[in-house]
Amino acid sequence: NLSREVTAFHTPQALLEKLTRNEETSISWLKQHETDNRHLWPFQIEAVETMEQAILVRKRHMMVAMATGTGKTFTIFNLIYRLMKSGFAKRILFLVDRRALAAQAVTTAASFEAEPGLKFDQCYEVYSQKLRREDLDDDLKFDPKILPGEYLTNPNTRDSFVYISTIQRMRINV
């Protein structure tokens, strides 16, 4: 670990939110509800469950390796949905290294059926950096919403969202 200067700290509102959150209820929900998306392969279910367990024991460094075309983005959106549905997470930063992957994540959010008859982006707010129309699938009926700047610096406790961004764009935002 390298030491570094802390450039910012949580706002009083963010600290209050963290301290008043009932984590036991969230953990209980995750344990009582199986990963049951009918579109998941057994190895994807195992990945979601393993990542959940690592998150619950506060593991800070993880690497999930899956082969090309095995549904990494779909698997992660299953995990994100479960973390948000349980109340364990309210705001998720989905960080990728290039715009094509950000577009893929936006497409997955718009097509992922989180609940019967509801897509993920109908259950939770999904924001992204500005994407070009040609970055997205032609048949996708989704207009990426740009994250309001204050959501990054001072989100309200009621705000639950996923922000999809490239590393380069995130650096510009901070």
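## Around helix α4

In this predicted model, helix α4 is the main contributor to the lining of the second largest pocket, giving four residues. Strand β2 matters here too: α4 and β2 each supply at least two lining residues. The pocket has a volume of about 380 Å³. Its lining counts 17 residues. D36, N37, Y81, E113 and A114 lie nearest the centre. By class, the lining has seven charged, five polar and five nonpolar residues.

Now step back to the overall fold. The protein has eight helices and six strands. Along the sequence they run α-α-α-α-β-α-β-β-α-β-β-α-β-α. The protein has 174 residues, and 37% of them are buried. Take the contacts with a separation of 6 or more. Of these, 69% join residues 24 or more positions apart.

Return to α4, which spans residues 72-86. T75 lies in this helix. Is T75 buried or exposed? Its relative accessibility is 1%, under the 20% cut-off, so T75 counts as buried. What does T75 touch, once neighbours within four places in sequence are set aside? The partners are Q44, A47, V48, M51 and M66.

Next, the aromatic rings. The structure holds eight aromatic pairs. F74 and F112 form one of them, edge-to-face. Their centres are 5.3 Å apart, with 80 degrees between the planes. Why does this pair tie together separate parts of the chain? F74 lies in helix α4, while F112 lies in the loop between α5 (99-111) and β2 (113-115), so the pair bridges parts that are 38 residues apart in sequence. The two rings also differ in exposure. F74 has a relative accessible area of 23%, so it is partly exposed, since that class runs between 20% and 50%. F112 is at 2% relative accessibility and therefore counts as buried.

A second edge-to-face pair joins Y127 and F161. Here the centres are 5.9 Å apart and the planes meet at 80 degrees. This pair also links distant parts of the chain. Y127 sits in strand β4 (residues 125-128) and F161 in strand β6 (residues 161-166), 34 residues apart. Both Y127 and F161 are buried.

The rings also group together. Which residues make up the aromatic cluster? F74, F77, Y81, F94, F112, F120 and Y124 form one cluster. F74 and F112 thus appear both here and as an edge-to-face pair. Y81 belongs to the cluster and is also among the residues nearest the centre of the second largest pocket. Another ring, that of F88, has a charged partner. The charged end of R21 sits over the F88 ring, 5.3 Å from its centre.

Last, strand β6 again. T166 lies in this strand, as does F161. At 5% relative accessibility, T166 is under the 20% cut-off and so counts as buried. Which residues does T166 touch, not counting those up to four places away in sequence? The contacts are L95, V96, R98, R99, A102 and Q129. One of them, R99, falls within α5, whose residues are 99-111; so does A102.

Terms used:
Residues numbered from 1 in each chain as written. Predicted model: local features only at pLDDT ≥ 70, side-chain atom pairs only at ≥ 80, totals over all residues. Heavy atoms only, no water. Buried < 20%, exposed > 50% of the residue type's maximum accessible area, 1.4 Å probe, protein only. Contact = heavy atoms within 4.5 Å. Phe/Tyr/Trp six-rings, centres within 6.5 Å; stacked < 30°, edge-to-face > 60°. Lys NZ or Arg CZ within 6 Å of the ring centre and 35° of its normal. 1 Å grid on protein atoms, 1.4 Å probe; cavity = no way out; pocket = protein on both sides within 12 Å on 5 of 7 lines; lining within 4 Å. Points joined across faces, edges and corners; volume = space filled by probe spheres on them. Nonpolar A, V, L, I, M, F, W, Y, C, P; charged D, E, K, R; others polar.
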